[in-house]
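Visitor: Could you take me on a close look at the enclosed spaces inside this protein, and then at the side-chain contacts around them and beyond? I'd like one connected walk rather than a list.

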Amino acid sequence: MTKDGGGTDLIPGLDALPGAPAVKPNKPGKPAKTGKKGARRPAADLPVARVAVDMSLPHLDRPFDYLVPAELDAKAVPGCRVRVRFAGQLVDGLLLERAAESGHGGKLLFLERVTSPEPVLTPEIAALVREVADRYAGTFADVLRLAVPPRHARVEAEPVEETAPAPPEAPDAGAWREYPAGESFLSALADGRAPRAVWTALPGPDWAAAIALAVAATLSGGRGALVVVADGRDAARVDAALEAELGEGLHVALTAELGPAERYRRWLAVLRGKARAVVGTRAAMFAPVADLGLVVLWDDGDDVHAEPHAPYPHPRDVLALRAHRSGAGALIGGFTRTTDATQLVETGWAHALAADRNRIRAGMPRVRYVGEDAQLARDAAARTARLPNVAFEAARQALESGPVLVQVPRRGYVPGIACGRCRTPARCQTCQGPLALASSHAAPYCAWCGHIAGDWHCPECGFFQVRAVVVGAKRTAEELGRAFPGVPVRTSGREAVLDRVGPERALVVSTPGAEPPAENGYLAALLLDGWVLLGRPDLRAGEETLRRWMNAASLVRPQAPVIVAADGALPAVQALVRWDPVTYAERELAERREVGFPPAARMASLTASPAAIRELLADTRLPEGAEVLGPVPLPQAGTEAQDKERALIRVPRTSGNALARALKEAQGVRSARKATETVRVQIDPLELI
């Protein structure tokens with residue numbers, strides 16, 4: 001990485017900007033020349049500032065050198081926010097370091113001003129940002145926006161408490177006694193060592209308390225801890241467990257619900273060393289925890305962890321890099337196990353941490369499967385709710401004394417309809433999107449463009465009546481209300497997510513990921529329409545289905561019934577029945593290794609118009625053994641996907657960094673040419689099919 005910049009040979013016209021006289025830095029030990037009255041003079045000591053300019057152009061992804069004026073000498077500290085002239089504009093930047101000389105032979109511009117003397121970018125996070133950018137073929141500026149939150153001047157000006165709470169004592173093993181290696185893992189953290197484990201948690205609510213114990217052990221050894229979870233509800237549970245274990249003042253929670261000002265206040269508490277532990281969602285993976293001793297990622301298979309902004313880093317990789325760089329311990333856990341986590345175990349980077357089979361059998365629910373064509377209940381109410389007899393009886397018995405969880409894969413009322421005669425899928429005449437129903441009395445509408453199709457007729461047979469292809473959570477709640485009269489029916493989904501439910505009898509209909517925990521656990525769970533999850537055109541369909549099922553079933557009391565509506569011969573169903581996600585993940589990884597799919601191989605996806613993809617591939621010097629698949633048209637997910645294609649590039653795992661570097665260089669070539677279209681580059685994307 002070149003560390004020169006600001007010269008006219010890189011950015012034309014940069015030396016002739018009003019109000020920004022360009023000068024050369026003084027040689028060390030040589031006094032500054034006295035120029036015209038009012039002229040800016042460089043600082044006497046370390047006059048060169050290397051600045052990461054907030055500019056995402058790939059061909060300019062390097063620091064640029066500027067001069068520190070004497071009047072800003074005290075404020076221009078490494079890590080502070082600055083404003084500089086760049087290509088004729090005044091832009092933001094972060095000062096990376098001060099130097100005595102510049103490697104650039106031309107003239108340098110002065111810093112315009114120091115926005116804030118607060119050193120918000122630590123050397124550790126700066127190095128991590130650079131490594132993440134290189135791994136994901138992104139730019140330093142893009143990753144920096146994810147790592148450092150926007151400034152709030154009022155929050156920075158608030159008084160800082162001088163005293164910090166004392167570190168806790170080494171905790172009791174508690175929930176970790178349930179695992180053969182649990183106590184040794186905890187003692188290693190307390191001793192300041194760096195154990196790394198992939199944790200298959202027992203079903204039940206104890207996972208948050210176990211994480212809190214691991215954090216307390218780390219803090220007792222004098223080091224900090226960072227916990228990343230999927231959503232705000234999980235963050236609240238871990239936050240409550242940490243407060244119960246540590247008390248107040250030693251940790252903070254970083255979530256989007258806090259608002260920008262409060263989130264920045266808590267982030268500053270971490271930066272200044274007042275808070276030694278952090279729990280938060282994916283943005284917290286860059287939290288500047290001092291002397292990091294433990295990173296924790298809960299439920300790493302949840303697709304909510306995937307960062308939607310370029311360069312799309314995943315917390316699992318970022319936290320693994322942080323643990324490696326800082327010599328910290330790592331705990332990647334969940335009720336199930338992903339193939340990516342299994343890859344970490346097989347390579348020896350981490351060890352498996354799980355309970356023995358006898359303890360698992362004692363704490364797991366009793367899982368039964370019923371095929372999709374199973375005989376429906378003789379009871380008319382059960383037939384109305386499309387429940388097999390086994391599921392209906394299990395729900396009826398459980399509802400005598402407590403709540404029952406019903407998981408439905410799709411939200412809404414009827415998210416997919418077809419012709420009632422020939423079963424041709426109903427499509428919008430305007431954009432060819434799928435038609436859906438919002439209620440039993442509503443006209444069909446397009447799920448893409450919102451067009452109302454009140455006069456729809458089947459293009460194949462001319463029939464005008466429709467039938468449901470997929471039933472959503474709202475329709476299921478309506479059906480269950482008729483099947484179980486007098487029982488309250490509550491829904492939890494995208495529109496309104498329940499935080500928790502009480503011990504009273506109720507039917508709780510939820511979409512995957514929105515299941516609220518019940519006080520003392522559910523008495524039964526029904527996992528409906530398994531074919532919808534298992535039939536998705538996705539490489540990770542089986543793995544993701546098992547994760548959603550086990551997350552829901554873990555909310556059920558030990559030995560309580562769980563009924564899954566799916567074919568019992570499928571490997572994912574068998575893994576659920578045996579409560580054995582480890583064997584399933586190992587088998588899935590072995591199969592992917594045979595066919596060269598991630599995580600056994602590294603892949604990159606390129607998304608753009610066909611011409612842009614061809615241009616990028618022509619400029620890319622692919623590593624040896626690279627294989628280009630496609631490009632092929634994108635599946636139509638809306639009008640924005642029209643005329644877009646996607647190509648996949650597959651390489652062995654050892655060539656992953658070389659692939660990212662080659663794509664980054666090719667993007668830089670296109671950027672220097674001022675290409676009009678941007679190619680979306682994703683390294684190891686979650687969705688490949």
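Guide: Sure, let's start with the cavities and work outwards to rings, charges and an open pocket. Bear in mind throughout that this is a predicted model.

Searching the whole structure turns up two cavities of 30 Å³ or more. The largest cavity has a volume of about 40 Å³, and the second largest cavity comes to about 30 Å³.

Let's step into the largest cavity. Its lining is made by Val295, Val296, Leu297, Arg316, Leu319, Ala320, Ala330, Leu331, Ile332 and Trp349. Sort those by class and you get nine nonpolar residues, no polar ones and one charged. As for secondary structure, β10, α8 and β11 (329-334) each put at least two residues into that lining.

Now the second largest cavity. Here the lining residues are Val198, Trp199, Thr200, Asp300, Ile332, Gly333, Gly334, Thr336, Arg337 and Ala341. The class split is four nonpolar, four polar and two charged. β6 (196-200) and β11 each supply at least two residues. Keep an eye on Ile332: it appears in the lining of the largest cavity and again in the lining of the second largest cavity.

Two of those lining residues lead us on to the aromatic side chains. Trp349, from the largest cavity's lining, has Arg196 lying over its ring face, at 4.5 Å from the ring centre. Trp199, from the second largest cavity's lining, belongs to a cluster in which ring pairs link Trp176, Tyr179, Phe185, Trp199, Trp207, Trp298 and Phe335.

The search over the whole structure finds 11 aromatic pairs. Take Phe64 and Phe86: their ring centres are 5.0 Å apart and their planes meet at 75°, so this pair is edge-to-face. Phe64 sits in strand β2 and Phe86 in strand β3, so the contact ties together parts 22 residues apart in sequence. Both rings are tucked away: Phe64 is buried at 1% relative accessibility, and Phe86 is buried at 2%. Back in the cluster, Trp176 and Tyr179 make a tilted pair, 5.6 Å from centre to centre with 50° between the planes. Trp176 is buried, with a relative accessible area of 0%, and Tyr179 is buried too, at 6%.

While we're around β10, have a look at the loop between β10 (292-298) and α8 (315-326), which is where Ala306 is placed. At 28% relative accessibility, Ala306 counts as partly exposed. Its C-alpha atom is 8.0 Å from that of Arg282, a residue 24 positions away along the chain.

On to the charges. Side chains of opposite charge can pair when their charged atoms come close. The count here is 43 salt bridges. One of them joins Lys664 and Asp61, with the closest N and O atoms 2.5 Å apart. That pair links distant parts of the chain: Lys664 is in helix α19 (residues 656-672), Asp61 is in the loop between β1 (48-53) and β2 (64-67), and 603 residues separate them. Both partners, Lys664 and Asp61, are buried.

Helix α19 comes up again with Arg670, whose side chain meets that of Glu615 in a salt bridge (2.7 Å, N to O). Glu615 lies in helix α18 (residues 610-619) and Arg670 in helix α19, so this bridge ties together parts that are 55 residues apart in sequence. The two ends differ in burial: Arg670 is buried at 5% relative accessibility, whereas Glu615 is partly exposed at 41%.

A similar split shows up where Glu156 and Arg151 form a salt bridge (2.9 Å, N to O). Glu156 is buried, at 12% relative accessible area, while Arg151 is partly exposed at 33%. There's also a network of salt bridges linking Arg154, Glu158, Glu262, Arg265 and Arg266.

We'll finish in the open, at the second largest pocket, which holds about 810 Å³ of space. It is lined by 38 residues, and the closest to its centre are Arg145, Leu146, Val148, Pro149 and Pro150. β1, β3 (81-86), β4 (89-99), α2 (140-147) and α7 (260-271) each provide at least two lining residues, and α2 gives the most, with six. By class, that lining has 22 nonpolar, seven polar and nine charged residues.

How values were computed: Residues are numbered from 1 along each chain as its sequence is written. This is a predicted model: local features need pLDDT of at least 70, side-chain atom pairs count only at pLDDT 80 or more; totals for chains, interfaces and linings use all residues. Side-chain values use heavy atoms; hydrogens and water are left out. A salt bridge is a side-chain nitrogen of Lys or Arg within 4 Å of a carboxyl oxygen of Asp or Glu. Helices (H or I, at least four residues) and strands (E, at least two) are DSSP runs, numbered from the N terminus. Buried means under 20% relative accessible area, exposed over 50%, partly exposed in between (1.4 Å probe, protein chains only). On a 1 Å grid over the protein atoms alone, a cavity is a set of points where a 1.4 Å probe fits but cannot get out, and a pocket is an open set with protein on both sides within 12 Å along at least five of seven lines; lining residues have an atom within 4 Å of a point. Grid points are joined across faces, edges and corners, and a volume is the space filled by probe spheres set on the points. Ala, Val, Leu, Ile, Met, Phe, Trp, Tyr, Cys and Pro count as nonpolar, Asp, Glu, Lys and Arg as charged, and the others, Gly among them, as polar. Rings of Phe, Tyr and Trp (its six-membered ring) pair if their centres lie within 6.5 Å; planes under 30 degrees apart count as stacked, over 60 as edge-to-face and the rest as tilted. A charge sits over a ring if NZ of Lys or CZ of Arg is within 6 Å of the ring centre and within 35 degrees of the ring normal.
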